[in-house]
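Biologist: I should like to learn how to read a protein model step by step. May we begin with the chain as a whole and then turn to its parts?

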Amino acid sequence: MVERFTLTPVSYVILRRGDSVLLQLRQGTGAMNGQWSAAAAGHVEAHESVSEAASREVREELGIVVEAHDLVPLTTMHRTQGTSRALDQRVDFFFTCESWAGNPKIVERDKSAGLEWFKLDDLPETLVPHERYVLERLKTGLAPIVNFGFTNLKTREQFQDDQHRLPT
C-alpha cells in the first residue's frame, strides 16, 4: 500500500502595477531569509478558503484591503522539497491583484527587511526559486496547474514515448 502524504496549502498574492510586481525581502521567518518573495503569502488556516487566506495575508502583511473579486487566480503549484515531511509537501495557490485599498507598507517588521516594486524583466537575483518560476512566466502565461521540485516527473515527450510502447 502506498503511504499518503499531507499537503500544506499556501496562498500567494502577487500585487501588480503594470509590468511591475511588489516583493518583500524575507527576514526572521526561519525559511528563505535574505531572499525576495511575493509581498503577501501564507498558510491557509482551518475553516478558511484560499481566497480568504489571500485577503487576510495582504491585510496582515501589507496593511491593505483586497476584495475577493479583485483576486485573479493565476496558477496552482504542487510543490515538494523532496522529503516525506508534511510541511515540505505544498499546494500553492497564486493570485494576481491590480486593485486594493490603502498603500502597501511593511506591517510585520520582524519578518520583512524591505518592500520594493520590481519590473518583471528585472527581477532580483535572490528570489525564492518556486516564486521565480511563476514570476518569470507571468507575462507569457502559466498552465492552471504546475509542478515544482519533483525530480521524477516525465516530460510530455517521455510520457508520449511510454504510451507508444504499451501493447495494443
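**Reading the chain, a strand and a pocket**

Modeller: Buried residues make up 38% of the 168 residues in the protein chain. Please keep in mind that this is a predicted model.

Biologist: How many helices and strands does the protein chain have, and in what order do the elements run?

Modeller: There are three helices and eight strands in the protein chain. Read from the N terminus, the order is β-β-β-β-α-β-β-β-α-β-α.

Biologist: What share of the contacts between residues at least 6 apart in sequence join residues at least 24 apart?

Modeller: Here a contact means that heavy atoms lie within 4.5 Å. Of the contacts in the protein chain between residues at least 6 apart, 67% join residues at least 24 apart.

Biologist: Which atoms should one consider when reading the accessible surface?

Modeller: One may ask what part belongs to carbon and sulfur atoms. The accessible surface of the protein chain is about 10,200 Å², and 51% of this belongs to those atoms.

Biologist: Let us take one strand. Is strand β2 mostly covered or uncovered?

Modeller: A general idea first: in a regular strand, side chains alternate between the two faces of the sheet. Strand β2 spans residues 20-26 and is mostly covered, with five of its seven residues buried. Buried here means under 20% relative accessible area.

Biologist: Which strands pair with β2, and in what sense?

Modeller: Strand β1 (residues 8-17) runs antiparallel to β2 and is joined to it by two bridges. Arginine 16 has valine 21 in β2 as its bridge partner. These two strands form a hairpin with two residues between them, and in the turn glycine 18 has a positive phi of about 65 degrees.

Strand β7 (residues 112-119) also pairs with β2 in the antiparallel sense, over seven bridges; there arginine 26 stands opposite serine 112. Strand β3 (residues 36-38) pairs with β2 over three bridges, again antiparallel, and tryptophan 36 in β3 is the bridge partner of leucine 25.

Biologist: How should I read the largest pocket, and which residues are closest to its centre?

Modeller: One may look at its space, its lining and the character of that lining. The largest pocket holds about 650 Å³ of space. Its lining has 26 residues, and those closest to the centre are Arg26, Thr29, Ala41, Gly42 and His43. Elements giving two or more residues to this lining include β2, β4 (40-43), α1 (50-62) and α2 (129-136).

Biologist: How do the lining residues divide by character?

Modeller: The lining of the largest pocket has eight nonpolar, seven polar and 11 charged residues.

Notes:
Residues numbered from 1 in each chain as written. Predicted model: local features only at pLDDT ≥ 70, side-chain atom pairs only at ≥ 80, totals over all residues. Heavy atoms only, no water. Helix = DSSP H or I, 4+ residues; strand = E, 2+ residues; numbered from the N terminus. Buried < 20%, exposed > 50% of the residue type's maximum accessible area, 1.4 Å probe, protein only. Areas by Shrake-Rupley, 256 points an atom, 1.4 Å probe, with all protein chains shown as cover. Pairing = 2+ DSSP bridges. 1 Å grid on protein atoms, 1.4 Å probe; cavity = no way out; pocket = protein on both sides within 12 Å on 5 of 7 lines; lining within 4 Å. Points joined across faces, edges and corners; volume = space filled by probe spheres on them. Nonpolar A, V, L, I, M, F, W, Y, C, P; charged D, E, K, R; others polar.
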